[in-house]
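The following exchange examines how certain structural descriptions are justified. Each answer sets a value against the criterion behind the term.

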Amino acid sequence: MSTGAIADLVSVVVAVGADDELSEATLAAWAAQREAGDYEVVLAMPATATASRDGLLRAPPWKAPFRIVQTAHERSAALRNAGVLASRGGTVVLAASDCRPAATVVAAHRRFQSLLAFPAAGIGPVFHAGALRDSPFSAWLQDGGRRFGPSFPHAALEWRGNPFHAANTSIARTVYDKVGGFDEGLDGDAMDGVAFAARLADLGVRTRYVPRAMTWQDRDVTERETLRHAWRLGGAARFRETTGAGPWPWNALVQQTLERPEAAASHGDLPMAANAPGARKRRHARLALAFVRGWHDAAFESDDPSVSRAAEGPRA
Amino acid sequence: MTHGVLPVPPQARNARCACGSGRRYKDCCGGIAKGAEDARSAEPLLHAAGEAFRHRRFDEARQHLERARASAPLPADAEAVLGAILLRAGDYAKALRTLRQACLRMAEVPAATVVNLAGAVAGLLATRAPLETERLWLDYVATRPRASAGGSPRHGRISVVVPSHNHAAFIGAALESVLAQTRAADEIVVIDDGSTDGSPDLIGAMAARSGGRIRFVARENRGAATTINEAVAATTGDWINILNSDDAFTADRLAAMEAGVAAAGASWGFSRCTFVDADGRAILDEASPHAARQREAIDRAGALDTVGMAFVGHNPATSTGTLYFSRPLFDRLGGFRDLRYVHDWDFCLRACLLAEPAFVPQSSYLYRIHGRNTLSGANTAPNDEALSLTRAFLRTAEACRDAENPYAPIPAVWGRSFALRAIECGAAPLLDASVVFRLADELLDELPA
């Protein structure tokens, strides 16, 4: 246990990026956790996000379990680390700002962590809420496990290996300290989570599915946003290669010439709704292309590129 | 061959077709390109779909099937294939509709189609069923017994029973581990079950040196369950812990179980175990797929809705030796049933209906994996017995309306969450098809048109 950590306290660490949404419904749901025991919610946000912070401070109903931590950096890794370092609990629940928790999330993570003899990460599901699941893109992204690793509706059936995400996951604070936190040098949103998961696995920490820790993502995820994410992930993957010998899971993908995924991405001219299987194939190819471009671009660029370049067709 | 009326499908798709062609059902009337007369125009598409499906080109197969369906109703088999593809793509609502429709048109629904339908049911229930039982689950969390802090007073007398059978290499260490407990056993009863490897002599010598702490009987072989029952009947304690003759306790085993089960107000429970090899060294996940699978099953006790629910589909208790139960509970259950491989799991499932178990996360039992384990080898009998037990329990659970345990793992308590967890735990092939059909119909009523 790290110095000062309170064994029975669960700390929910919500990383709130400068542009992230943090709805009243989400805050209310974190405030209304049932049978949760002692818990706190640490909202980690960049110092620049004064509007969000001021808005939160003015909302007394949400004041009780909440604390706000500000960082000089905007990257998710820095926000998560700052949140965890400011937290006091023996169990840490890493949560995404756009995930609205069911009333059972803290209780489920607490119970799971209390019944472990060996350290493990407890992965809770993130479902798309209501009508958002009707969007073919959302269903493809979430149900196929392309956003969070496992396919949540079937996570218990299809659990393989040690999938990890930082949107709804509990670990012991001691494990976080042993892993050394998230790598703040890694850009690309999820890549710091990928690197964190790799270090967890190196320590022999298993991941397990905790189905009662249900959360709901109310926000629709656009294809454009996903492509941007894949582009940044590709760049982060390139950076990650400088930190170890590999082989890396993306080696085969990035060793292709750019022409191949680009050809696949532009394949087919039917509208998506009229050609669902083909649309899925094209989406997959476009994500792969964005990742490969991110990987290549990272070799000679450091600035954040425009989204459109990754989302558009082949460059000249 | 084309038929005006589809013959009744046989049980297995590899069986001879009932139409009399002499061919296998799957290559004849059960082939996805075969079907009713009105599907003739779609036959090339169905053939192409079948070819694509066989080569795992699922998107292509789906396109062919959807185009074929646009011109004529699909044969039931083809519709089931389309449902399976939709399921694989994560389109659970469409998969459910398609598979249920296929089932309604089949005289006898193949087991694989029922399993696929169960998969679609689980995909949709995952976001619904837990919310339906949220209040019950929160009550469960609030009322679960907490393990008492260390130094608690004694909670009755503890008897350790040791069934011994041909483990001469390990029985000495096993008995030493009982004698070395920090919370001493109040009595130790050993029955040798017809060993032929010299075990009785070793045990007899240890009993003679134990100053009367070990009571020992050697007799002819009668099987593990009978031996345990005889040994428990010979005890006088309030609480029983079994120790199998090839395993061992950690020194604080009895203290931990007394605090975690008896002092916590439960009438039975179990602990984690550590998998060790013949030399007592810990076995890592990488070295033993069996150990890795079992560790995952144990972790389900913490991850799933209740500890009892973790017994549906798997046995997280691993062995009779990790159990710690009250004598009255044992008597009410009538002891262990005479099953060769899964008498422990059977005991736990029956106990779950009477009382919710306590789970002690501390590992205090050393489960030895060696060349002569009962479950070792390529023998399929353990798996067959486990399947038979699970099937029987699922039927019992479905019919049970008045379990004493208010959190018993049965549908009457957990509603649709029970079926969801059973499917998630891999028990879908063992569920009664009528249960899957009923759940599917309920969901179809709930889904928007």
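Q: Why are α2(B) and α3(B) called oblique to each other?
A: In this predicted model, helix α2 (residues 58–71) of chain B and helix α3 (residues 76–88) of chain B pack at an angle of about 135°. Angles over 145 degrees count as roughly antiparallel, and 65 to 115 as roughly perpendicular. The angle of about 135° falls in neither range, and the pair is therefore oblique. The axes are 10 Å apart, and the crossing is left-handed.

Q: Which residues of α2(B) and α3(B) meet, and what makes them count as being in contact?
A: From α2(B), B:F58, B:A61, B:R62 and B:L65 meet B:A78, B:V81, B:L82, B:I85 and B:R88 of α3(B). The criterion is that C-beta atoms, placed from the backbone, lie within 7 Å. These residues divide into seven nonpolar, no polar and two charged.

Q: What makes β3 and β9 of chain A edge strands?
A: The open sheet of chain A has seven strands in the order β3-β2-β1-β4-β8-β6-β9, with mixed pairing. Strands β3 (66–71) and β9 (206–209) each have a single partner strand, so one side of each lacks a neighbour in the sheet. From one strand to the next, the twist averages 25°.

Q: How do you know that β6 and β8 of chain A are paired?
A: Pairing requires at least two bridges between the strands. Two bridges join β6 (residues 120–123) to β8 (residues 168–172) in chain A, so the criterion is met. These two strands run antiparallel. A:G122 has A:S170 in β8(A) as its bridge partner.

Definitions and conventions
Residues are numbered from 1 along each chain as its sequence is written. Chains are lettered from A and ligands numbered from 1 in the order in which they are written. This is a predicted model: local features need pLDDT of at least 70, side-chain atom pairs count only at pLDDT 80 or more; totals for chains, interfaces and linings use all residues. Helices (H or I, at least four residues) and strands (E, at least two) are DSSP runs, numbered from the N terminus. Axes are lines fitted to C-alpha atoms, for helices over the stretch in contact, and angles run from 0 to 180 degrees between N-to-C directions. Angles under 35 degrees count as roughly parallel, over 145 as roughly antiparallel, 65 to 115 as roughly perpendicular and the rest as oblique. A crossing is left-handed if the near helix is turned anticlockwise from the far one by less than a right angle, and right-handed if clockwise. Two residues are in contact if their C-beta atoms, placed from the backbone, lie within 7 Å. Ala, Val, Leu, Ile, Met, Phe, Trp, Tyr, Cys and Pro count as nonpolar, Asp, Glu, Lys and Arg as charged, and the others, Gly among them, as polar.
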